[in-house]
Number of protein chains: 2
Amino acid sequence: MTVLVFLDPKFPEGRLADAAVPQLMAADLGATRGDGVFESMLAIDGVPRKMDAHLDRMASSALALDLVFPARESWERAVSTALSKLLVQAGSGQAGSGEAVVKLLLTRGVEGTDSPSAWVAASPVPAAVRERSAQGLDVLLLDRGYDSTVADRAPWLLLGAKTLSYAVNMAALRYAKAQGADDVIFTSSDGKVLEGPTSSVILAVEEDGVKTLLTPELESGILPGTTQRALFDAAEAAGWARGYGPLEPAHLMEADAVWLVSSIRLLAPVTSIDGTPIPSSPALTEELTALLRGAL
Amino acid sequence: MTVLVFLDPKFPEGRLADAAVPQLMAADLGATRGDGVFESMLAIDGVPRKMDAHLDRMASSALALDLVFPARESWERAVSTALSKLLVQAGSGQAGSGEAVVKLLLTRGVEGTDSPSAWVAASPVPAAVRERSAQGLDVLLLDRGYDSTVADRAPWLLLGAKTLSYAVNMAALRYAKAQGADDVIFTSSDGKVLEGPTSSVILAVEEDGVKTLLTPELESGILPGTTQRALFDAAEAAGWARGYGPLEPAHLMEADAVWLVSSIRLLAPVTSIDGTPIPSSPALTEELTALLRGAL
């Protein structure tokens with residue numbers, strides 16, 4: 001069950017559309033060139049979480065692609081319309097965990113029309129998403145091909161923008177699964193840890209009684225993780241220190257625990273890297289998940 | 001005017017669809033993840049050109065993405081249906097140059113359905129496409145971020161596959177235009193000449209009476225150019241020698257002429273690189289265009 005709401009100036013609350021029939025033009029540049037940006041946001045009990053962070057990042061992605069970003073209020077209203085409709089469709093008490101994934105999409109629209117397409121798609125979070133992650137992930141390190149300094153000097157590579165051009169991310173995940181793994185951590189051509197195809201990488205290290213969360217530095221061309229940031233803020237308030245890369249694979253192997261974090265899956269513990277088991281900590285996963293959920 | 005024909009087992013000749021109304025599902029992975037492949041093919045007087053080469057490359061791109069490629073016959077019939085309809089719509093004698101651009105698209109389809117979307121879109125070649133190119137292109141060299149040896153060891157980067165994830169290609173063209181240039185030649189992080197965002201790069205060099213066409217080597221991760229190959233075959237039959245990279249920017253500056261070649265635009269002469277004028281040769285452009293057209 002998916003609820004679809006298009007941003008449309010003629011419909012201030014968003015235009016509800018039937019997700020069971022075609023709604024996109026075949027010549028939409030989102031479909032023909034991956035030319036657009038998106039976000040995947042969690043909603044709990046009908047309330048979107050970290051919406052400001054998602055809209056901030058999406059506006060920044062749109063800027064990188066020279067796309068006009070619709071007013072935040074239009075997005076907020078469309079999301080609200082979608083979540084209300086989803087609650088009605090699910091029926092009270094039948095919404096399972098009460099959690100929904102809300103996708104926000106913006107494309108350049110049909111070639112030559114200068115009229116972007118913008119829509120929201122809301123659906124229940126599939127149970128399988130969290131079940132597999134909870135068991136721990138076998139992860140492959142895969143070369144992303146870029147060095148960790150290229151983002152700044154080559155803005156046309158759109159590093160740090162969450163674009164619809166995700167074919168490489170999807171191919172990396174398929175490659176990992178074909179090798180019997182569950183997920184991927186990309187590395188730069190100069191050997192730095194970057195991010196997952198759909199997640200941020202976080203490490204926990206305890207030294208001399210100081211508990212620290214670490215993540216790669218943004219300058220390496222990774223996406224700014226909305227969940228990573230929410231977790232870091234919550235953890236700092238709870239007494240954790242925080243740090244930013246550069247990180248190398250050895251840091252992953254030597255950490256007390258490593259997670260892939262993202263808006264829908266939250267914290268997914270990594271249990272092996274390239275076939276080598278690494279330490280994990282159910283207690284830390286529980287502690288940090290509670291901190292994160294408290295901050296959402 | 002665009003004619004749209006979907007590949008559909010229930011319609012052996014292809015299913016004609018109205019291009020003026022939505023035909024794609026909002027959850028099609030082509031639109032939400034740039035997860036698919038495409039080709040742009042020229043048709044002259046209702047006859048598609050280099051169709052075998054385009055279908056070969058598209059099948060190879062699909063394989064890289066682990067997409068099942070529909071039977072060639074299905075594509076051929078859909079293309080034929082689209083071009084017939086386009087001729088009728090244009091009315092005899094009104095089709096301008098009689099040239100059409102035929103786009104072939106294949107996406108992974110709606111998430112979770114395991115049912116790819118495949119369609120053909122045919123429309124007249126816009127006159128502007130060739131007019132601007134004929135005047136000569138001011139080109140920027142832009143770093144593609146990858147080194148020229150990564151393609152082979154990192155198949156998940158999908159180098160050499162023509163995917164729908166073209167956001168970087170589009171961003172590079174926008175970047176060039178914002179700088180007052182017309183087009184782009186990508187270079188590798190190790191300084192090799194690669195390709196344009198929507199074209200192959202070809203150089204002509206005459207030495208000791210031997211006329212040679214040069215292009216970067218496929219191993220550098222570029223797309224195999226269907227027009228480049230047709231031109232090389234035709235030129236060889238006419239007495240030209242041919243050669244393959246590695247090429248560096250200095251080779252571009254020192255060549256007798258440089259072109260960006262592609263299926264719709266054919267040979268577009270490059271007249272400057274990063275603001276520095278380079279030699280061009282209307283006579284060679286004319287000679288090679290005639291050879292290419294004879295081979296289409």
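This note walks through the contact between two chains, one helix, one strand and one buried histidine in a predicted model.

1. **The contact between chains A and B.** Start with the overall extent. Chain A puts 49 residues into the contact, and chain B puts in 49 residues. The size of an interface is often given as the accessible area lost when the parts come together. Here the area buried between chain A and chain B is about 3900 Å². Carbon and sulfur atoms give 62% of that area. On the side of chain A, Arg33(A), Trp156(A) and Arg174(A) lose the most area to chain B. Together these residues make up 20% of what that side buries.

2. **Polar links across the contact.** Between chain A and chain B, 22 residue pairs are in polar contact. There are also 6 salt bridges across the interface of chain A and chain B. One of them joins Glu111(A) to Lys103(B). The closest N and O atoms of this pair are 3.5 Å apart.

3. **Which elements of chain A take part.** Several elements give two or more residues to the side of chain A that touches chain B. They are helix 1, strand 3 (36-44), strand 5 (99-107), strand 7, helix 5 (150-153) and helix 6 (167-178) of chain A. Helix 6 of chain A gives the most, with 7 residues.

4. **Helix 6 of chain B.** Now turn to the other chain. Helix 6 of chain B covers residues 167-178, which is 12 residues. At 1.5 Å a residue the helix should span 16 Å, and its end C-alpha atoms are 16 Å apart, so the two values agree. Its buried residues are Ala167(B), Val168(B), Asn169(B), Met170(B), Ala171(B), Ala172(B), Leu173(B) and Ala176(B). These buried residues pack against strand 7 (137-143) and strand 8 (183-187) of chain B. They also pack against helix 1 (29-33) of chain A. After the helix comes Gly180(B), with a positive phi near 85°.

5. **Strand 13 of chain A: burial.** This strand takes in residues 266-273 of chain A. Of its 8 residues, 7 are buried, so the strand is largely enclosed by the rest of the structure.

6. **Strand 13 of chain A: partners.** Which strand of chain A pairs with strand 13 in the parallel sense? Strand 7 (residues 137-143) does, over 3 bridges. In this pairing Asp138(A) stands opposite Ser272(A). Strand 12 (residues 257-262) of chain A pairs with strand 13 in the antiparallel sense, over 4 bridges. There, Leu260(A) stands opposite Ala268(A). Strand 14 (residues 276-277) of chain A also runs antiparallel to strand 13, and 2 bridges join them. Ile273(A) has Thr276(A) in strand 14 as its bridge partner.

7. **The hairpins around strand 13.** Strand 12 of chain A leads into strand 13 of chain A by a hairpin through 3 residues. A hairpin with 2 residues between the strands links strand 13 to strand 14 of chain A. Asp274(A) lies in that turn and has a positive phi of about 50°.

8. **His54(A).** Is this residue buried or exposed? His54(A) has 0% relative accessibility, so it counts as buried, the cut-off being under 20%. It sits in helix 2 (residues 51-64) of chain A. Leaving aside neighbours within four places in sequence, His54(A) is in contact with Glu39(A), Ser40(A), Met41(A), Arg49(A), Thr226(A) and Ser263(A).

Note on methods. Residues numbered from 1 in each chain as written. Chains lettered and ligands numbered in written order. Predicted model: local features only at pLDDT ≥ 70, side-chain atom pairs only at ≥ 80, totals over all residues. Heavy atoms only, no water. Expected span 1.5 Å × (residues − 1). Buried < 20%, exposed > 50% of the residue type's maximum accessible area, 1.4 Å probe, protein only. Contact = heavy atoms within 4.5 Å. Pairing = 2+ DSSP bridges. Buried area = accessible area lost by both parts, 1.4 Å probe. Salt bridge = Lys/Arg side-chain N within 4 Å of Asp/Glu carboxyl O. Polar contact = N/O pair within 3.5 Å; in protein donor to acceptor, adjacent residues only side chain to side chain.
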